[in-house]
Amino acid sequence: MPQDLKEQFVIQGLSGVKSLEGTITVGGAKNAVLPASAASLLSDTPLTLTNVPYIEDVLRMSELLEGLGVTIAKDASSLTLHAKEVHTSHIERESAKRMRSSVFLTGPLLARFGEARFPHPGGCVIGERPIDQFIKGFAKMGASIAHEDEWYVVRAKGGLKGVTIFFDLVSVSATETFMMAATLAQGTTVLENCATEPEVVFLAELLRRGGAQIYGDGTSTIHIEGGTLLAFTESVEVIPDRIETSSFLLLAALAGKHISIENCNPQHVRIMTQYLESTGVPLEIGGNHIRIHSNTKPNTSFISARDIRTHEYPGFPTDIQAPLTVFLTQVSGENTVFETIFENRLGYTDDLIKMGADITVWNPQKMMVRGPRKLKGRELMSPDLRAGLAFIMAAIVAEGMSVVGNAYYIDRGYQHIEQRLRAIGADIQRSKG
Ligand code: EPU
């Protein structure tokens, strides 16, 4: 068991008083660093990433890459990955089972070395998370697929061939994995029904910096001209984390007096800024900051469409669904939340209900939230990183003390979260469980 699963956050709530104040800085995006790290396998020159958050998932991905032979140099906020002497295409079992993102390694390994051997990557509490799109796509690009015990063994000894792949569903990781694989395939690959998330565009830009020819990223059709190994000549700055930005916005709207969210990209969170403004929260939106100066309480009663559906970008991200639900427990109005991306991502609501939230879960993907309701602090166990952050938010607005256990899950996605929240006035400490 990782050491900090036993760690916990102890939070003294503000009892609904809006008193947080100051500046909070957004880190580099976890979901951009993970595929970018895998992209280092497409080159025998070093790739340097800057603005890298020092979080558990990034460390685990680095370990997986080191296990393949990639040398990695780290400092406080950068990573240099050099895939010159890769000696195996077997992805280590235990880490892969723990981390869904290990799937990113399959495309580059197969494209560069003609083989990838990997276990079914970890599912998690949010849903089953199949990899059918990967298996179908690799087969279409000419790879053979075998199942040996618990392992998938995918081979394309003569190299992958460029083809057209129409994904059955919009998948961020499948879009990214095939974009990477196609850069080394022979000929043109056309990917259709692609994800358009900013992390996809960031990855395409990174690959282009290494010499790849990629067109159409940010739309549903991406063309890639396959070619030779990439060669990175300059460092690449990781984009700001839009999920962190959105979570800080929601917290600031509930508990902030004057909060400045710095080092973010407001263009990536337009669904959230527009939504908050419609609830009466005035925002000052700059080039790379968003400020909230308000004592007004957000209110959803006068919004006509109060059915929030998670959606692929640029809609409401599924990763913000839990923090958004905490927000809805605190504002006037009745709102439905419909989780459309993952089949099991409402489990955390039981704990919010025990804290005093008025939530009716209709089925595993749909619920009604009525607000405002006073929340009371209690002991909570973080089930995953996003729900974990939602619990921290709930604990901050609640009355009394809460303990949020399983700090490890929160550390997977958020660097030094307690230090950053303390800097704006939250009473949150990390302690041993
Ligand atoms: N899906 C399939 N088959 C596949 C691939 C996906 O059925 O072969 C399904 C999934 O089960 C899901 C839907 O397609 O129902 C969309 O999943 P997607 O593949 O887009 O998710 P992902 O790429 O595995 C990334 C993020 C997630 C984020 C989702 C959706 C990374 C590393 N992870 O996952 O982030 O929730 O996109 O936006 O980019 C998180 O950060 O907490 C997190 C879970």
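Two strands count as paired once DSSP finds at least two bridges between them, and the strands themselves (E, at least two residues), like the helices (H or I, at least four), are DSSP runs numbered from the N terminus. By that yardstick, strand S3 (residues 47-50) and strand S5 (residues 78-82) run antiparallel and are joined by four bridges. One facing pair here is Thr 50 and Ser 78, the latter in S5. S5 also runs antiparallel to strand S4 (residues 71-75), this time with five bridges. Lys 74 sits opposite Leu 79 of S5, and a hairpin takes the chain from S4 to S5 through two residues.

A word on the ground rules: the model is predicted, with local features needing pLDDT of at least 70 and side-chain atom pairs counting only at pLDDT 80 or more, while totals for chains, interfaces and linings use all residues. Residues are numbered from 1 along each chain as its sequence is written, and side-chain values use heavy atoms, with hydrogens and water left out.

Next comes an open sheet of three strands, ordered S6-S8-S7 with antiparallel pairing. Strand S6 (115-119) and strand S7 (144-148) are the edge strands, each with a single partner, so one side of each has no neighbour in the sheet. From one strand to the next, the twist averages 20°; axes here are lines fitted to C-alpha atoms (for helices, over the stretch in contact), and angles between N-to-C directions run from 0 to 180 degrees. Helix H4 (residues 106-113) packs on this sheet, where it touches S6 and S8, and its direction makes about 150° with that of S6; contact means heavy atoms within 4.5 Å. Helix H5 (residues 132-140) lies across S6, S7 and S8 and runs at about 135° to S7.

Within the sheet, S7 and strand S8 (residues 151-155) run antiparallel and are joined by five bridges. Ala 146 stands opposite Val 153 of S8. The loop between S7 and S8 holds Asp 149, a residue that is not a glycine yet has a positive phi of about 50°.

H5 turns up again at the ligand. Its three residues are the largest share of the shell around the ligand. Of the 24 residues in that surrounding set, Asp 132, Ser 171, Asp 319, Ile 341 and Arg 386 come nearest; a residue qualifies as near if one of its heavy atoms lies within 4 Å. Polar contacts are pairs of N or O atoms within 3.5 Å; within protein, one atom must be able to donate a hydrogen and the other to accept it, and residues adjacent in sequence count only if both atoms are side-chain atoms. An N or O atom in the side chain of Asp 132 is 2.7 Å from a nitrogen atom of the ligand. For Ser 173, a polar side-chain atom lies 2.7 Å from a ligand oxygen atom. Asp 319 likewise has a polar side-chain atom 2.7 Å from an oxygen atom of the ligand.

Taken alone, the ligand exposes 830 Å², and the protein buries 90% of that (accessible areas come from the Shrake-Rupley method with a 1.4 Å probe). Two or more shell residues come from each of helix H1 (30-39), H5, helix H6 (172-183) and helix H12 (385-397). By class, the shell has eleven nonpolar, six polar and seven charged residues, where Ala, Val, Leu, Ile, Met, Phe, Trp, Tyr, Cys and Pro count as nonpolar, Asp, Glu, Lys and Arg as charged, and the others, Gly among them, as polar.

Another open sheet has four strands in the order S17-S18-S20-S19, with mixed pairing. S17 and strand S19 (358-363) stand at its edges with a single partner strand each, so one side of each goes without a neighbour in the sheet. Direction ignored, neighbouring strands of this sheet are turned by 20° against each other on average. Strand S18 (residues 333-338) pairs with S20 in the antiparallel sense over six bridges, and Glu 334 has Arg 370 in S20 as its bridge partner. H10 packs on the sheet and touches S17, S18, S19 and S20, with its direction at about 35° to that of S20.

Two cis peptide bonds round things off. The bond from Tyr 313 to Pro 314 is cis, with omega near 5°, and Pro 314 lies in the loop between strand S17 (307-309) and helix H10 (321-330). The bond from Gly 371 to Pro 372 is also cis, with omega near 0°; Pro 372 belongs to the loop between strand S20 (366-371) and strand S21 (379-381).
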